[in-house]
Amino acid sequence: MLGLKLLTDPRWANIAEGNLEEILTDHAWCEQKAASNAISLITNNSEHEDLVHELTAIAIEEMEHFKMVIDIIKERGYTLGRERKDDYVGQLMKFSKKDGSRNMAFIDRLLFAAMIEARSCERFRVLSQNIQDKELAQFYYDLMVSEANHYTTFLNFAKKYSVDVDVEKRWKEWLDFEGKLIQSYGNKEAIHG
């Protein structure tokens with residue numbers, strides 16, 4: 001369903017589980033950034049009433065996820081670390097087209113969001129199936145379902161609002177780029193790391 005070119009090695013879950021405080025901190029900030037991205041899309045494309053409505057719901061849900069993660073951090077006696085740079089997301093942002101039409105930039109921002117949600121969904125699946133902590137395994141399974149819904153929302157809006165972009169072709173370019181990019185990741189305690 002996601003179309004990702006390279007799946008995460010299940011052994012990544014062992015790395016993540018080896019430092020739960022770090023993976024949970026990274027995860028919390030990923031949720032905050034996802035909410036911010038949805039808000040940014042709303043701010044820059046407020047003429048699309050259905051997009052505003054759907055992305056408002058996503059932004060709220062992402063902040064609810066943020067709260068859920070920080071609650072888990074607190075319950076386990078961990079500390080929410082500082083926000084950290086996500087190099088994977090930075091590389092995806094560099095791949096985004098920003099020099100074409102306004103519509104092209106809008107569509108690429110939606111595809112950027114869909115790509116991150118797709119990889120997050122896949123990573124949550126790996127965690128849900130491979131970590132020993134049953135409570136966290138269930139938590140990540142539930143989030144996997146949510147991320148899959150977000151992925152399809154962003155992709156569907158790209159298809160709906162494209163004026164001058166072949167969305168299927170551009171999505172394939174995103175998948176190809178991400179498939180090469182992700183080969184450098186999967187070896188540290190980060191959702192996209």
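**Entry 1: Glu178**

I started with Glu178, which is buried at a relative accessible area of 0%. I note that the model is predicted. Glu178 belongs to helix α7. I then asked which residues Glu178 is in contact with, leaving aside neighbours within four places in sequence. The list reads Leu4, Tyr88, Leu92, Met115 and Arg119. I also checked Glu178 against Val126, 52 residues apart along the chain. Their C-alpha atoms are separated by 18 Å.

**Entry 2: α4 against α7**

Next I looked up how α7 packs with helix α4, residues 87-95. The angle is about 145°, and the axes are 11 Å apart. I logged the crossing of α4 and α7 as right-handed. From α4, the contact uses Tyr88, Gln91, Leu92 and Phe95. From α7, the contact uses Arg170, Glu173, Trp174, Phe177, Glu178 and Leu181. Glu178 from my first entry is thus one of the α7 residues here. I sorted the contact residues by character: 6 are nonpolar, 1 is polar and 3 are charged.

**Entry 3: aromatic rings**

I turned to the rings. How many aromatic pairs does the structure hold? I found 9. One of them is Phe106 with Tyr161, a tilted pair. The centres lie 6.1 Å apart, with 40° between the planes. Why does this pair tie together separate parts of the sequence? Phe106 lies in helix α5 (residues 102-130) and Tyr161 in helix α6 (residues 134-161), so the pair joins parts 55 residues apart in sequence. I checked burial as well: both Phe106 and Tyr161 are buried.

Another tilted pair is Tyr151 with Trp171. I read 6.0 Å centre to centre and 45° between the planes. Tyr151 sits in α6 and Trp171 in helix α7, residues 167-181. The two are 20 residues apart, and the pair links distant parts of the chain. Are these two rings buried or exposed? Tyr151 has 5% relative accessibility, so it counts as buried. Trp171 has 7%, so it is buried too.

I also found a ring cluster. Ring pairs link Phe95, Phe112, Trp174 and Phe177. Of these, I had already listed Phe95 on the α4 side of the helix contact, and Trp174 and Phe177 on the α7 side.

One charge over a ring went into the notes. The charged end of Arg123 sits over the ring of Trp12. I read 4.6 Å from the ring centre.

**Entry 4: two residues of α6**

I stayed with α6 and took Phe157, which lies in that helix. Phe157 has a relative accessible area of 6%, so it counts as buried. Which residues does Phe157 touch, not counting those up to four places away in sequence? I listed Asp50, Leu51, Glu54 and Leu110. I then took the C-alpha distance from Phe157 to Leu111 and got 9.1 Å. In sequence the two are 46 residues apart.

His150 is also placed in α6. Is His150 buried or exposed? Its relative accessibility is 2%, and the cut-off for buried is under 20%. His150 is therefore buried. Outside its neighbours within four places, I found His150 in contact with Ile58, Glu61, Glu62, His65 and Glu117.

**Entry 5: Thr25 in α2**

I moved on to helix α2, residues 20-44, which holds Thr25. Thr25 shows 2% relative accessibility, so I entered it as buried. I left aside neighbours within four places and read off the contacts of Thr25. They are Ile73, Thr79, Leu80, Gly81, Arg82 and Arg84. For a long-range check I took Ala148, 123 residues from Thr25 in sequence. The C-alpha distance between Thr25 and Ala148 came to 22 Å.

**Entry 6: Ser46 in a loop**

Last I looked up Ser46. Where is Ser46 placed? It is in the loop between α2 and α3, the latter spanning 49-75. The relative accessible area of Ser46 is 52%. Exposed means over 50%, so Ser46 counts as exposed. I paired Ser46 with Glu83, 37 residues away along the chain. Their C-alpha atoms are separated by 28 Å.

**Recap**

I close with two residues side by side. Glu178 is buried at 0%, whereas Ser46 is exposed at 52%.

Definitions and conventions
Residues are numbered from 1 along each chain as its sequence is written. This is a predicted model: local features need pLDDT of at least 70, side-chain atom pairs count only at pLDDT 80 or more; totals for chains, interfaces and linings use all residues. Side-chain values use heavy atoms; hydrogens and water are left out. Rings of Phe, Tyr and Trp (its six-membered ring) pair if their centres lie within 6.5 Å; planes under 30 degrees apart count as stacked, over 60 as edge-to-face and the rest as tilted. Helices (H or I, at least four residues) and strands (E, at least two) are DSSP runs, numbered from the N terminus. Buried means under 20% relative accessible area, exposed over 50%, partly exposed in between (1.4 Å probe, protein chains only). A charge sits over a ring if NZ of Lys or CZ of Arg is within 6 Å of the ring centre and within 35 degrees of the ring normal. Axes are lines fitted to C-alpha atoms, for helices over the stretch in contact, and angles run from 0 to 180 degrees between N-to-C directions. A crossing is left-handed if the near helix is turned anticlockwise from the far one by less than a right angle, and right-handed if clockwise. Contact means heavy atoms within 4.5 Å. Ala, Val, Leu, Ile, Met, Phe, Trp, Tyr, Cys and Pro count as nonpolar, Asp, Glu, Lys and Arg as charged, and the others, Gly among them, as polar.
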